[in-house]
Amino acid sequence: MPDEGWAGVDRYLGEEFVPSDPVLDAALRESSAAGLPSIQVSPLQGRLLQVLAEAVRARRILEIGTLGGYSTICLARGLAADGRLLSLELSPHHAEVARRNLARAGLDDRVEIRVGPALDSLARLGAAGEEPFDLVFIDADKTSYPQYLDWSLRLTSAGSLIVADNVVRQGGVADPGTRDPSNVGIRAFLHRLANEPRVNATVIQTVGSKGHDGFALGVVLSGPTPSDGPSRVNPA
Ligand code: SAH
Ligand code: DHB
Ligand code: MG
């Protein structure tokens, strides 16, 4: 086998597992044409998101950071038959592109994109006392990951899965003296996740077309406690 390194293996695996996907291809084409950065999850990572959603039989999915809706499509494909996905996005332009991509994918009836700073949208969700989410995918600004973890804990219940992208960042997170704000944010997130008694979590490093990165994966062991605030998202 020719030694093409990680990218070559990623291509090979992608051709095996995600050989032809006109919906995702179109989403990438349209996102690129609209000037969005090409920082979506890889095809194999997208499939992982779908697999995880299916594994927890997700009826309610929360995504933080939509971009052009690539990961949104993958997650929504993993929804249970009557499931719904809510995705939070800062940029109105990104949201508009994502809505078109989701409509083309035939998923617009199951997906809502809410525009604004995710922390604002999350605070409103918390106040609304909604049903808990079965899966949360964190993939927006890395500096806010610790707060996104707090909200994820408030908005989930026992058995829910919390997934976060970009927790390795070409290895930059392993430098304890890092001053890169994104790495600092991820390190704080990982430290809290690792020490959070309500979650059993791990990190899986990834290599491939996006270089060296990783996903944090955590299963929620128990729901929020009353001290988490007045919004009762966990009836159990
Ligand atoms: N999940 C996408 C990629 C998301 S890229 C995929 O894999 O297909 C990160 C996204 O987070 C960008 O679209 C960016 O505009 C958005 N973002 C950045 N800061 C944000 C914030 N404070 N609130 C909500 N979204 C934010
Ligand atoms: C960036 C953000 C992402 O979510 C990602 O997966 C890769 C890169 C970025 O902001 O550069
Ligand atoms: Mg990402």
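The exercises below concern the three ligands of this predicted model.

**Exercise 1.** Find which residues coordinate the magnesium ion (ligand 3) and how they are spaced in sequence.

Solution.
- Step 1: List the donors. The magnesium ion (ligand 3) is coordinated at 2.1 Å by Asp139 through OD, Asp165 through OD and Asn166 through OD1.
- Step 2: Write the spacing. The donor residues of the magnesium ion (ligand 3) follow the pattern D-x25-D-N in sequence.
- Step 3: Place two of the donors in the fold. Aspartate 139 is in the loop between strand E4 (133–138) and helix H7 (145–154), and asparagine 166 is in the loop between strand E5 (156–164) and helix H8 (181–195), so the pair ties together parts that are 27 residues apart in sequence.

**Exercise 2.** Describe the surroundings of ligand 2, its polar contacts and its burial by the protein.

Solution.
- Step 1: Name the shell. Ile39, Asp139, Lys142, Asp165, Asn166 and Lys210 surround ligand 2.
- Step 2: Sort the shell by class. One residue around ligand 2 is nonpolar, one is polar and four are charged.
- Step 3: Look at the side-chain contacts. An N or O atom in the side chain of aspartate 139 is 2.8 Å from an oxygen atom of ligand 2. For the side chain of aspartate 165, the corresponding distance to an oxygen atom of ligand 2 is 3.1 Å. Asparagine 166 has a polar side-chain atom 2.7 Å from an oxygen atom of ligand 2.
- Step 4: Give the burial. Ligand 2 taken alone exposes 290 Å², of which the protein buries 62%.
- Step 5: Locate the site. Ligand 2 takes up space in the largest pocket.

**Exercise 3.** Work out which residues come nearest to ligand 1, which polar contacts it makes, and how much of its area the protein covers.

Solution.
- Step 1: Start with the shell. There are 20 residues around ligand 1, and Gly65, Ser71, Glu89, His94 and Asp139 come nearest.
- Step 2: Sort the shell by class. Around ligand 1 there are ten nonpolar, six polar and four charged residues.
- Step 3: Take the backbone contacts. An oxygen atom of ligand 1 lies 3.0 Å from a backbone N or O atom of valine 41. A polar backbone atom of alanine 118 is 2.9 Å from a nitrogen atom of ligand 1.
- Step 4: Add a side-chain contact. An N or O atom in the side chain of aspartate 141 is 3.3 Å from a nitrogen atom of ligand 1.
- Step 5: Give the cover. On its own ligand 1 has 590 Å² of accessible area, and the protein covers 88% of it.
- Step 6: Locate the site. The largest pocket holds ligand 1.

Notes:
Residues numbered from 1 in each chain as written. Chains lettered and ligands numbered in written order. Predicted model: local features only at pLDDT ≥ 70, side-chain atom pairs only at ≥ 80, totals over all residues. Heavy atoms only, no water. Near = heavy atom within 4 Å. Polar contact = N/O pair within 3.5 Å; in protein donor to acceptor, adjacent residues only side chain to side chain. Areas by Shrake-Rupley, 256 points an atom, 1.4 Å probe, with all protein chains shown as cover. 1 Å grid on protein atoms, 1.4 Å probe; cavity = no way out; pocket = protein on both sides within 12 Å on 5 of 7 lines; lining within 4 Å. Sits in = over half its atoms within 2 Å of the grid points. Nonpolar A, V, L, I, M, F, W, Y, C, P; charged D, E, K, R; others polar. Donors = N, O, S within 2.8 Å, 3.2 Å for Na, K, Ca; no water. Helix = DSSP H or I, 4+ residues; strand = E, 2+ residues; numbered from the N terminus.
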